[in-house]
2 protein chains.
Amino acid sequence: METVATEPAAEERPGLRERKKQRTHDALLRAALELFTTQGYEATTVDEIAEAVDVSQRTFFRYFAGKEEAALAILEITQEQYLAAVRARPAHEAPLEALRNAVLEGWDAIGEAVAEVVPVELYLRAYGMIESTPALLAAHLRRSDEVAREIERIVAEREGLDVDTDPRPRVTVAVFGGVMRVTERRWALGGDLSMESMRALTAAHLDAVRPSLAEKWRTD
Amino acid sequence: METVATEPAAEERPGLRERKKQRTHDALLRAALELFTTQGYEATTVDEIAEAVDVSQRTFFRYFAGKEEAALAILEITQEQYLAAVRARPAHEAPLEALRNAVLEGWDAIGEAVAEVVPVELYLRAYGMIESTPALLAAHLRRSDEVAREIERIVAEREGLDVDTDPRPRVTVAVFGGVMRVTERRWALGGDLSMESMRALTAAHLDAVRPSLAEKWRTD
DNA sequence: TGTCAACTGTCAGTGGCTGTCATTAGCCTC
DNA sequence: GAGGCTAATGACAGCCACTGACAGTTGACA
């Protein structure tokens, strides 16, 4: 039960202070990504970013834990969106099937969620930058590892298993995560940075898992 | 043709200068790991390490590109040793089989190679520290990702394939790498830090790959 | 409108890391 | 075995990411 028309709901107007904060945050994020993707991550100082938004350096650090976090903030949206997609899969799907479908069907929602904060084009450029900046790639891989832990829990719960007893939830997620990493790398560094090519690559790589486990590859 | 007894060969005596360098390097490495594992990585400053070996901070940075590299140097030995083991696998083995055997049979050689530089006990402690220090884990995962790239090439060459055309080499390595990551995490954070438990965990997890891909997990 | 709390700027300081230059110490030749 | 060459080191200055502390400013709310 919520009020609908007459009052746009108290939650819709977060107050001037809150809106201002949001604006500063988004401005810093956009400025950071813009600078990172044009001059390079290492070559960009925090002072530059702060100056571009006309705030003090200290304020930047009040919005982001560090330079790194600003560069990866956009990926957090992606990851949370994906986690939600996995949780939403129907219970009858097999674990790997659920993970696969969550990716394939989730990309549109991910695109929309991203677009609310920064232009999609900037997001795609940022992805390429992360992949080719050692410090950022490292941080990204660690975050992905943490996401994997969460997915392990979700899968185990779906199947009513204990993660520490049955190796299958962890192994399943590991296999899936490994394949997604390959997909991601190829996508980010390849020429076609579209959602469509992402879907195609994902499907192709996941379909290649069984053949890869085969004894003899030559018998085609 | 080399002189044997009377002269211990010219290559065996790298000269005083070289030996001194080696000693400084090893001393810095040991001091760093000792401090990292006792006080924690973040809580240890480079000055402390340098002081413990009685050299200037500047000298530390001449031996290691950064604090991080000192903490991970020991893993580099492991990784190179593993790459050598993979390359040495007979050609008749299937890709995944070769990767598996290289791990299972390679651990002894890895242990020996490590022991030449630091006590094995220190190595094991360091492994646990890396796993539980975000900055180090991130760097470690990135290095592992690079090693994976190299293994992809090796697998592709073994099978006479092109990495960019056939997805199987990359997918195989991704699956294997994912499973090894799970194994590594469980080993480093578990109670039993022995080569034997590593072998057992590796085998168990690799054996769990096929069952994990199954449609229904309940039909046991 | 005045009080409170949140947001911000300024300043000082720490630690990782780099460039530069003078000094030291193996190495090699005559 | 004295002297020149060069690699290794130390000392110093400086950049940048990041943090704590304190004071000033500005929404929020009675």
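Contact here means heavy atoms within 4.5 Å. With that in hand, Val55(B) touches Thr24(B), Leu28(B) and Ala50(B), leaving out residues up to four places away in sequence.

## Ground rules

This is a predicted model, where local features need pLDDT of at least 70 and side-chain atom pairs count only at pLDDT 80 or more, while totals for chains, interfaces and linings use all residues. Residues are numbered from 1 along each chain as its sequence is written, chains are lettered from A and ligands numbered from 1 in the order in which they are written, and side-chain values use heavy atoms, with hydrogens and water left out.

## The fold of chain A

Let's start with one protein chain. Chain A has 10 helices and 0 strands; helices (H or I, at least four residues) and strands (E, at least two) are DSSP runs, numbered from the N terminus. Its C-alpha atoms fill a box of roughly 65 × 50 × 35 Å, taken along the principal axes.

Of the 220 residues of chain A, 51% count as buried. Buried means under 20% relative accessible area, exposed means over 50%, and partly exposed is in between (1.4 Å probe, protein chains only). Chain A exposes about 11300 Å², with carbon and sulfur atoms supplying 51% of that area; accessible areas come from the Shrake-Rupley method with a 1.4 Å probe, and for residues only the protein chains shown count as cover. Among the contacts in chain A with a separation of 6 or more, 64% are between residues 24 or more positions apart.

## How the two copies relate

Chain B lands on chain A after a rotation of 180° with 0.0 Å of shift along the axis, giving an RMSD of 0.0 Å. That is the relation of a two-fold axis. The superposition is by least squares on the C-alpha atoms of residues with pLDDT of at least 70 in both copies. As for the interface, 100% of the interface residues of chain B are also interface residues in chain A, so the copies meet through the same surface.

## Around DNA strand D

A residue is near a strand if one of its heavy atoms lies within 4 Å of it. There are 23 residues around DNA strand D, and Arg58(A), Lys67(A), Lys21(B), Thr59(B) and Arg62(B) come nearest. Sugar and phosphate make up 57% of the atoms of DNA strand D that come within 4 Å of the protein. By class, the surface near DNA strand D has 6 nonpolar, 7 polar and 10 charged residues. For that split, Ala, Val, Leu, Ile, Met, Phe, Trp, Tyr, Cys and Pro count as nonpolar, Asp, Glu, Lys and Arg as charged, and the others, Gly among them, as polar.

Now for some N and O pairs. The side chain of Lys20(A) has an N or O atom 3.2 Å from a phosphate oxygen of DNA strand D, and a polar backbone atom of Ser56(B) is 2.9 Å from a phosphate oxygen of that strand. Arg58(A) goes for a base: one of its polar side-chain atoms lies 2.8 Å from a base oxygen of DNA strand D. Helix 1 (15-39) and helix 3 (57-63) of chain A, together with helix 1 (15-39) and helix 3 (57-63) of chain B, are the elements that give two or more residues to this surface.

## Around DNA strand C

DNA strand C has 22 residues around it, with Lys21(A), Thr59(A), Arg62(A), Arg58(B) and Lys67(B) coming nearest. Sugar or phosphate accounts for 53% of the atoms of DNA strand C within 4 Å of the protein, and bases for the rest. The nearby surface breaks down into 6 nonpolar, 7 polar and 9 charged residues.

The side chain of Ser56(A) puts an N or O atom 2.8 Å from a phosphate oxygen of DNA strand C, and a backbone N or O atom of Val46(B) lies 3.3 Å from a phosphate oxygen of the strand. Arg17(A) has a polar side-chain atom 3.3 Å from a sugar or linking oxygen of DNA strand C.

## Residues to look at

Back to Val55(B), which lies in the loop between helix 2 (46-53) and helix 3 of chain B. At 26% relative accessibility, Val55(B) counts as partly exposed. Val55(B) and Thr24(B) are 31 residues apart in sequence and 8.8 Å apart in space, C-alpha to C-alpha.

Asp54(A) sits in the loop between helix 2 (46-53) and helix 3 of chain A, with a positive phi near 65°. Most residues other than glycine have a negative phi. Asp54(A) is exposed, at a relative accessible area of 68%. By contrast, Thr183(A), in helix 8 (residues 168-189) of chain A, counts as buried at 0% relative accessibility.

Notes
A polar contact is a pair of N or O atoms within 3.5 Å; within protein, one must be able to donate a hydrogen and the other to accept it, and residues adjacent in sequence count only if both atoms are side-chain atoms.
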